[in-house]
Amino acid sequence: MAKVGLVSRERAPLLARPYYEAGDPGPIAAALANVPELMETALPFIGTVYGPTGVAARLKEIVVLAVSAGNRCRYCTETHTEVARCMGFAPDELAAMRGEAPAPERWDPSERALLLFSEAISDRPAQSVELLQPHFSEAEIVELVTVGAVTVMLNRFATALELPW
Amino acid sequence: MTVLTQPITDGLVGGRLWLYSNYHCNLTCTYCLTESAPKVARRELPVERLPEIAAEARATGFTALGVTGGEPFLVSGLPGALAAMAAELPTLVLTNGTLFTRRLLSDLAPLAGLEFAVQVSLDSADPAVNDEMRGPRNFAKVVQAIPRLCALGIRVRVATTTDQLAPEALARLCDLHRSLGVPDEDHVVRPIVRRGRAIDHRLGVDAGLADLPAELTITADGAFWSPFGPTVHGGRLDTDLLITRTTRPLSIPARAMLRIAGAAGARPTSDQLKIY
């Protein structure tokens with residue numbers, strides 16, 4: 001049970017209502033709806049960071065799941081394991097991203113670097129970027145760091161509030 | 001010219017900014033929107049904050065202020081705050097009319113001549129009918145208070161909240177308020193809205209976003225769409241008409257309300273439910 005009320009559709013504040021139109025918006029949105037002005041800005045930001053951009057969705061999902069597993073965020077790890085499975089990641093890839101196995105040998109150096117980056121960003125952020133530099137452009141690095149940083153924020157949010165998965 | 005000037009002129013949003021000074025009350029009315037009662041948890045805007053909001057309201061483009069609760073006159077220091085507010089904008093305070101002791105009347109005397117009015121609740125000319133909903137001896141206290149306020153030179157309005165009022169009962173009530181010194185233009189009859197305690201008593205009419213005027217309402221819990229918004233049911237604050245938790249600066253909820261009103265295609269506020 002979450003540590004705060006998860007706002008139901010019937011109780012959704014005015015600014016939060018659009019996020020309920022397609023059904024249950026999920027625990028992160030339902031928790032944020034307690035402060036609708038935060039929801040109104042945070043969700044589009046998160047959606048932009050996690051959505052289609054110049055960096056391939058597959059690479060971003062490696063970061064999201066690996067960072068979440070490294071931070072032991074159960075909510076984010078379980079939900080993004082499902083997301084990654086739906087995206088076509090194989091079981092050995094999922095195990096690697098969850099920190100349960102080494103990276104598959106077929107992964108290219110940039111994907112392996114992403115896994116190491118994801119392990120480092122929470123505890124050694126400055127060094128983590130150095131792992132990306134041989135493989136990615138500056139724009140890509142900024143984006144990947146943003147994906148990682150947003151994931152860290154959501155890991156803390158979900159873990160602190162004990163959001164159900 | 002502020003961001004609110006044209007929308008208020010066009011009737012898209014109301015010009016009056018409402019403030020819930022507090023939620024507690026010395027009465028326990030059957031239809032109370034906020035389940036107010038003597039022992040509810042104290043949730044109030046700091047009294048020194050009220051004039052600050054009034055000044056900000058004027059700068060933001062609001063044209064009038066309203067104070068409601070709870071029973072506002074349970075808040076210590078309210079008369080002084082009301083005087084400071086009325087110096088900024090025309091101010092209306094809603095009250096159950098039961099607390100006007102000689103001391104309080106003396107404290108209110110400086111407000112005579114300002115753009116200030118007191119709106120007293122009175123639901124029937126029949127004491128038994130009135131007191132059944134509003135509590136024992138309510139009628140007697142109210143009919144005593146109104147002439148005393150009028151005698152101070154303070155404008156008094158009478159608000160009647162009713163589920164059904166027969167024409168003859170309304171006529172008797174109007175005879176009564178006139179006899180107390182309140183003219184017809186200062187008598188407002190409004191329906192019970194089925195929120196708060198009215199749900200439990202199956203009273204009133206349902207009202208949602210489209211039925212309620214866009215009148216920004218500031219409370220200790222945040223900013224709401226209408227003074228009918230920050231209702232309480234089962235001891236829990238309703239959030240369906242919450243706009244923002246942020247109330248300072250006032251421009252944040254005001255701009256959010258404008259966006260919602262625009263997106264909702266809000267009707268002119270003159271067509272909708274009002275509590276004054």
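# Cores, contacts and backbone turns

Biologist: Which residues of the largest nonpolar core touch the most other members?
Modeller: The largest nonpolar core has 88 residues. Such a core is a set of buried Ala, Val, Leu, Ile, Met, Phe, Trp, Tyr and Cys residues joined through C-beta atoms within 7 Å. Buried means 20 or more other C-beta atoms within 10 Å of a residue's own, exposed means 12 or fewer, and partly exposed lies in between, with C-beta atoms placed from the backbone. Touching the most other members are L19(B), I243(B) and M257(B).

Biologist: What kind of model is this?
Modeller: Residues are numbered from 1 along each chain as its sequence is written, while chains are lettered from A and ligands numbered from 1 in the order in which they are written. Local features need pLDDT of at least 70, side-chain atom pairs count only at pLDDT 80 or more, and totals for chains, interfaces and linings use all residues: this is a predicted model.

Biologist: What is the mean pLDDT of chain B?
Modeller: The whole model scores ipTM 0.88 and pTM 0.92. The predictor's confidence in each residue, from 0 to 100, is its pLDDT. In chain B, 96% of residues reach 70 or more, and the mean is 94.

Biologist: Which residues is M257(B) in contact with, leaving aside neighbours within four places in sequence?
Modeller: Contact means that the C-beta atoms of two residues, placed from the backbone, lie within 7 Å. M257(B) ranks with L19(B) and I243(B) among the core members that touch the most others. Its contacts, with those neighbours set aside, are V13(B), A214(B), L216(B), W225(B) and I243(B).

Biologist: How many residues are in the other core?
Modeller: This other core lies apart from the largest one. Among its members are I62(A), V63(A), L65(A) and L131(A), and its size is 21 residues.

Biologist: Which strand gives the largest share of the side of chain B that touches chain A?
Modeller: Eleven residues of chain B are in contact with ten residues of chain A. At least two residues each come from strand 11 (242-244) and helix 9 (251-264) of chain B; helices (H or I, at least four residues) and strands (E, at least two) are DSSP runs, numbered from the N terminus. The largest share, three residues, comes from strand 11 of chain B.

Biologist: How many nonpolar residues are on the side of chain B that touches chain A?
Modeller: Ala, Val, Leu, Ile, Met, Phe, Trp, Tyr, Cys and Pro count as nonpolar, Asp, Glu, Lys and Arg as charged, and the others, Gly among them, as polar. This side of chain B has two charged and three polar residues, and its nonpolar count is six.

Biologist: Which helix gives the most to the side of domain 1 of chain A that touches domain 2 of chain A?
Modeller: Chain A is divided into domain 1 (9-50) and domain 2 (57-160), with bounds from an automatic or database domain assignment. Four residues of domain 1 of chain A are in contact with seven of domain 2 of chain A. On the domain 1 side, four are nonpolar, with no polar and no charged residues. Three residues come from the leading contributor, helix 2 (residues 36-50) of chain A.

Biologist: Which residue is the bridge partner of Y20(B)?
Modeller: Strand 1 (residues 16-20) of chain B runs parallel to strand 2 of chain B, joined by five bridges; pairing needs at least two bridges found by DSSP. Both faces of strand 1 of chain B are covered, with R16(B), W18(B) and Y20(B) buried on one side and L17(B) and L19(B) on the other. In strand 2 (residues 64-68) of chain B, four of five residues are buried. There, the partner of Y20(B) is T68(B).

Biologist: What is omega of the cis peptide bond that joins G69(B) and G70(B)?
Modeller: Most residues other than glycine have a negative phi, and most peptide bonds are trans. G70(B) sits in the loop between strand 2 and helix 3 (78-86) of chain B. Another cis bond runs from R248(B) to P249(B), with omega near 0 degrees. For G69(B) and G70(B), omega is about 20 degrees.

Biologist: Is E35(B) buried or exposed?
Modeller: E35(B) is found in the loop between strand 1 and helix 2 (49-60) of chain B. Its phi is positive, near 50 degrees. Because E35(B) has 23 C-beta neighbours inside 10 Å, it counts as buried.

Biologist: Is R72(A) buried or exposed?
Modeller: R72(A) also has a positive phi, near 55 degrees. R72(A) lies in the loop between helix 3 (57-70) and helix 4 (74-87) of chain A. With 11 other C-beta atoms within 10 Å, R72(A) is exposed.
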